[in-house]
Amino acid sequence: MSGPHRRAFTLGVAGAGIGLALGACGSSDPASSPYSGDLRTVALAVALENQAVSAYRAVDAALRGGKLGPAIPALSAFVQAATAHHVAHAATWNAILRSARKPVVTGTPLSGNAQLMNSIQAASDVNELMAAVHGMETQAAQTHTAAVGNLSESGPAVTAAATIAPVEAMHAAALGYLLSGKSAVVGFIGTGGALSTTALTA
Amino acid sequence: MTGSSPSTAASEAPLDVQVLQTAASLENLAVASYKTAAGLPFVLHGGGELRALIARNRAHHTAHAQAFNLSVRKAGGAQQHAPDARYAGSVGRILAAMRDPTSLVGLLTELEDIIAQTCTRYAILAAGGSVRVLFANVAPVEAQHGAELLILRALLDDGRSGIGGTVADARVLPAAVGTAGIPQAVYPTADASAINEGAVR
């Protein structure tokens with residue numbers, strides 16, 4: 001991402017401590033939500049990024065815990081880098097909310113969050129653990145890809161979706177390739193697994 | 001990889017027609033490059049992982065070229081079946097002189113990155129909804145090709161021919177291989193092709 005949009009995001013992130021914030025609690029009724037239209041798509045994107053950060057932190061803890069066998073340096077390095085990317089993505093999306101004078105999303109207000117975190121906690125081996133986050137990354141890439149087409153106005157949100165979706169897709173591809181030695185990349189990223197804004201509980 | 005920018009004046013075709021034709025020209029270049037790569041002796045007789053990626057990526061780029069050309073016809077423009085003129089000459093010369101997998105993977109990675117950056121940029125620029133969706137669907141796939149090639153390059157640099165495929169294999173990989181495929185938090189667009197670079201003239 002480059003140009004004035006990116007600079008505006010950076011300025012917005014600098015003021016992250018100012019204003020309202022919505023965490024995991026909230027209404028599932030869109031009528032009472034502070035987010036509507038394109039900003040509901042943006043809020044969903046933040047929630048997905050926050051979920052990814054939480055998921056990778058849980059994965060990191062599991063890898064460090066020893067329950068899943070000896071350390072895997074390449075996987076631990078991947079987890080650290082991917083976590084940092086998702087933190088940056090969340091800041092980018094939240095800056096758009098802030099510039100629209102809407103509360104930022106600091107938690108994981110998603111209807112499927114508990115199921116994902118449970119599957120990470122319950123993983124009995126590395127493959128199960130990483131399958132959960134691989135699915136999460138694919139879902140994020142497809143959700144952002146769908147956003148590029150669904151957002152009604154061109155501007156920072158479209159730029160964010162278009163420049164972040166390829167990164168989530170790379171996370172998924174790299175993770176799959178590192179663990180299986182086989183590529184699972186398909187010809188078009190697709191949007192069949194994209195989350196709808198109805199999954200947002202804020 | 002370098003190339004010369006188009007010297008002719010910008011086409012007067014609508015924006016969506018120009019970007020679709022340019023995207024098709026880049027996909028055509030990728031198809032031709034992967035076809036040449038597949039026939040290189042060190043690929044034919046080398047590691048299976050590189051051969052598999054070359055065959056699979058070539059098939060994807062063929063599908064992408066067809067999709068862009070189908071879309072440009074719907075938008076009222078002429079289909080683009082030629083490779084991108086800016087890069088075709090230099091890529092062809094580099095491929096002809098290619099003697100080792102590491103250099104080849106480096107070239108293909110660069111090519112994938114240019115196409116991914118271009119499709120990302122065009123997803124932002126495109127006027128039509130369906131055209132925007134098409135670019136948004138293709139850009140992440142080119143980025144994924146790049147991610148896998150970057151990992152393969154890191155393995156080759158470490159003296160390995162492939163990744164293995166089990167958790168036990170993954171345990172002995174250097175940490176650098178883990179991050180090789182995910183080099184940036186935001187996909188760049190600074191190296192995107194000019195919108196009229198592959199326009200049919």
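**A helix pair in chain A**

Begin with α4(A) and α5(A), which are roughly antiparallel to each other, a label for angles over 145 degrees. The model is a predicted one, in which local features need pLDDT of at least 70 and side-chain atom pairs count only at pLDDT 80 or more, whereas totals for chains, interfaces and linings use all residues. Residues are numbered from 1 along each chain as its sequence is written, and chains are lettered from A and ligands numbered from 1 in the order in which they are written.

To display the pair, select residues 113–122 of chain A for helix α4 and residues 126–150 of chain A for helix α5. Their axes lie 8 Å apart and the packing angle is about 155°; axes are lines fitted to C-alpha atoms, for helices over the stretch in contact, and angles run from 0 to 180 degrees between N-to-C directions. The crossing of α4(A) and α5(A) is left-handed, that is, the near helix is turned anticlockwise from the far one by less than a right angle, and clockwise for right-handed.

Show side chains next. α4(A) contributes A:Leu116, A:Ser119 and A:Ile120 to the contact, and α5(A) contributes A:Leu129, A:Ala132 and A:Met136. Contact here denotes C-beta atoms, placed from the backbone, within 7 Å. By class, these residues comprise five nonpolar, one polar and no charged. The nonpolar class holds Ala, Val, Leu, Ile, Met, Phe, Trp, Tyr, Cys and Pro, the charged class Asp, Glu, Lys and Arg, and the polar class the others, Gly among them.

**Chain A as a whole**

Now select chain A in full. Its secondary structure consists of six helices and two strands, in the order α-β-α-α-β-α-α-α from the N terminus. Helices (H or I, at least four residues) and strands (E, at least two) are DSSP runs, numbered from the N terminus. Of the 202 residues in chain A, 52% are buried. Among contacts in chain A with a separation of 6 or more, 83% join residues 24 or more positions apart.

Two residues illustrate contrasting environments. Select A:Ala95, which lies in helix α3 of chain A. A:Ala95 counts as buried because it has 26 C-beta neighbours inside 10 Å; 20 or more within that distance are required for a buried residue, 12 or fewer make it exposed, and values in between make it partly exposed. A C-alpha to C-alpha distance drawn from A:Ala95 to A:Val42 should read 10.0 Å, although the two are 53 residues apart in sequence.

Move then to A:Arg101, in the loop between α3 (73–99) and β2 (104–105) of chain A. Is A:Arg101 buried or exposed? A:Arg101 counts as exposed, because it has 9 C-beta neighbours inside 10 Å. A:Arg101 is not a glycine, yet its phi is positive, at about 60°. Most residues other than glycine have a negative phi.

**Across to chain B**

Show both chains. The contact draws on 46 residues of chain A and 45 residues of chain B. On the chain B side, the elements giving two or more residues are α3 (48–74), α5 (101–125), α6 (129–157), α7 (167–171) and α8 (175–180). The largest share, 15 residues, comes from α6(B). This side of chain B has 26 nonpolar, 14 polar and five charged residues.

Select α5(A) together with α6(B): their axes come within 8 Å and cross at roughly 155°. That makes the two helices, α5(A) and α6(B), roughly antiparallel. Their crossing is right-handed. The residues to display are A:Ala141, A:Thr145, A:Val148 and A:Gly149 from α5(A), with B:Gly129, B:Arg132, B:Val133, B:Ala136, B:Asn137 and B:Pro140 from α6(B). They divide into five nonpolar, four polar and one charged.

Keep α6(B) selected and add α5(B): these pack at about 160°, with axes 8 Å apart. The pair α5(B) and α6(B) is therefore roughly antiparallel, and its crossing is left-handed. Their contact has 17 nonpolar, six polar and six charged residues.

**Confidence**

Finally, colour by pLDDT, the predictor's confidence in each residue, from 0 to 100. Chain A averages 87, with 85% of the residues scoring at least 70. Over residues 1–19 of chain A, pLDDT stays under 50. Chain B averages 93, with 95% of the residues at 70 or above. Within chain B, α7(B) has the lowest mean, 90, and helix α1 (residues 15–38) the highest, 98. Residues 5–11 of chain B fall below 50. Where pLDDT is low, the predicted coordinates should not be read in detail. For the complex, the predictor gives an ipTM of 0.94 and a pTM of 0.91.

Definitions and conventions. Two residues are in contact if their C-beta atoms, placed from the backbone, lie within 7 Å. Angles under 35 degrees count as roughly parallel, over 145 as roughly antiparallel, 65 to 115 as roughly perpendicular and the rest as oblique.
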